[in-house]
Amino acid sequence: MCGHWQGGWGCARSDPQAGREQALSAIVEFDSVGLRYGTGAEVLRDLDFRLNRGAFYFLTGPSGAGKTSLLKLLYLAQRPTRGRIRLFGEEMSDAPRDVLPHFRRRIGVVFQDFRLIRHLSAFDNVALPLRIAGKSEIGVEGPVREMLAWVGLADRASARPATLSGGEQQRVAIARAVISQPELLVADEPTGNVDKDMAERLMNLFSALNRLGTTVVVATHDVGLIASTPGAQMVRLEHGSMVDTMGTLKNPPPSPHSQPRGHS
Amino acid sequence: MFGWLFASPAERRLLPGGRFRGPTPFVIAIMTFAMMTVAAAGLALSNAAGLVVQGIENRYAVQIPAGSNDLPRALSAALSAPGVITAEPVPEADMRRTLENWLGPAGVDEQLPVPSLITLNVAANADLAAIAARIEAAAPGARFVAHREVLEPLLRAIRVLQWLALSLVALMAAATSAAVVLAARGALDTHRATIEVMHGIGATDVQVTNLFQRKIALDSLAGAVAGAVAAALVLLLLAGGGTAFAGDLMGRSPLHGYDFVMLGVLPLALVVLATAVARAAVLSTLRQAT
């Protein structure tokens, strides 16, 4: 698997012991977290859970349950109004603004509304995380081409988002989220605009990433998607609170996918 | 230090809209033009004042009452006084010609009594009281008047105008800063979606700021060059007309080499100011967000 991703993904973590330790440690820890926007009611309350490194999670719940808000906390777009959040072992709740970019670069995000930069080509959109991380143009070209080919958009590299279909835009957004092989991938309804085949391919991509060590959190309504991803754990939100009927949230069992990177 | 000025093509693509669009280049051009012309006027005034002061410094007039025959004695006393470099009587005909300008034909009427005048040029460290006492002893009733004293109101007016010019330059710099702040905020609003995405995938405030800073710096530079060229043309035009007259009055060009250097630095200073203000405004706006 490593070989397939050599272009931009690499196999950085080759120490098996370190990999196993990482697989067992928490990548995300929420401690009595609450979130409210302005002076409104809390949209998230008393969230108290941990996500293990290298695991695959589905975040489900009805519309308005707070899934997107929870994801915003995960990808550091929001700070909690109360409680503590630890990400990658570091306290994030009141981390200085200047350190956040460093952590955001370790997170890949697929936004529900894609958030592609409309005046940039598909290539430039996908290349953006690498360029922001300071990669040279020589180091950008190969991985981006490879990534675009993988999501089936090799021939649309120079197309702007407005000329792409919804599904194509979705795939560009996903390519952008995973191009820098993030440690944590957060996806908000990533298969909402693609056909069944493409949804399956994208989930295979997420699974491949997960096997390489990336922790994946996918918010979705698609029960079929959850069923087709064996070993994934489900986190359910209702009215801003965790519904933990299976008892899997506070101490989830190790995922069959949670192999250390480089040992897929 | 200036790495932000050299963006890659990919970085340039992040902020579309083409170069030199929007209000910034025009505002900077107008401000540069106004600042340079006002500054040139201020500098010319300053030089004129300097020349006037240089011309009247240490120069005095001794007024001997009309009808007195003390002029030769007063002249002799003045010439023998320590510190007096030159002492020259003003010919009566010259004085009457001057009076004619004010009084018409009555000025040259022999019936009109005219005092005798001696102009003195004294050394900088001369004892003025001793000179005045010596002349008064030779010519009782003689008045000792400093040229500077006579021209002081004019010099004061020139100084006020100089300060006014300097204040106008400062005000225009402040107005330019305010315009740049507005332009920077407008640009941030226009590109809000891009900034949100960039932040979301790990761009630092400094990375985002560099994009805007570079754009505003280039816009400002273009505006400053245009404004400076226009101001230079106007000043050259004036040099062929109005200031030639001023030059005649002063005996030389109203602006010196050093003044041209200062005027040349002004547009560059404005670009530096606009760039620094843009950086501060963008950074501050970004830090207020999220």
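Here are a few friendly notes on the strands and helices of this predicted model.

1. A good place to begin is strand β4 of chain A, residues 82-87. It runs antiparallel to β1(A), residues 26-36, and 5 bridges join the two. If you want a pair to look for on screen, try Asp31(A), whose bridge partner in β4(A) is Arg84(A).

2. β4(A) also pairs with β5(A), residues 90-91, again antiparallel, through 2 bridges. Here Leu87(A) stands opposite Glu90(A). The two strands make a hairpin with 2 residues between them, and Phe88(A) in that turn has a positive phi of about 55°.

3. Next, have a look at the open sheet of 6 strands in chain A. Its order is β6-β7-β8-β3-β9-β10, with mixed pairing. β6 (107-110) and β10 (241-243) are the edge strands, each pairing on one side only. On average, neighbouring strands are turned by 20° against each other, ignoring direction.

4. At one edge of that sheet, β6(A) pairs with β7(A), residues 184-188, in the parallel sense over 4 bridges. Within this pairing, Gly108(A) stands opposite Leu185(A).

5. Helix α2 of chain A, residues 67-74, packs on the sheet. The strands that α2(A) touches are β3 (56-60), β7, β8 (215-219) and β9 (233-238), and its direction makes about 155° with that of β7(A).

6. Finally, over to chain B and helix α7, residues 192-200. Its buried residues include Thr194(B), Ile195(B), Val197(B), Met198(B), His199(B) and Gly200(B). After α7(B) comes Gly202(B), with a positive phi near 105°.

Technical notes
Residues numbered from 1 in each chain as written. Chains lettered and ligands numbered in written order. Predicted model: local features only at pLDDT ≥ 70, side-chain atom pairs only at ≥ 80, totals over all residues. Pairing = 2+ DSSP bridges. Buried ≥ 20, exposed ≤ 12 C-beta atoms within 10 Å, placed from the backbone. Axes fitted to C-alpha atoms, helices over the stretch in contact; angles between N-to-C directions. Contact = placed C-beta atoms within 7 Å.
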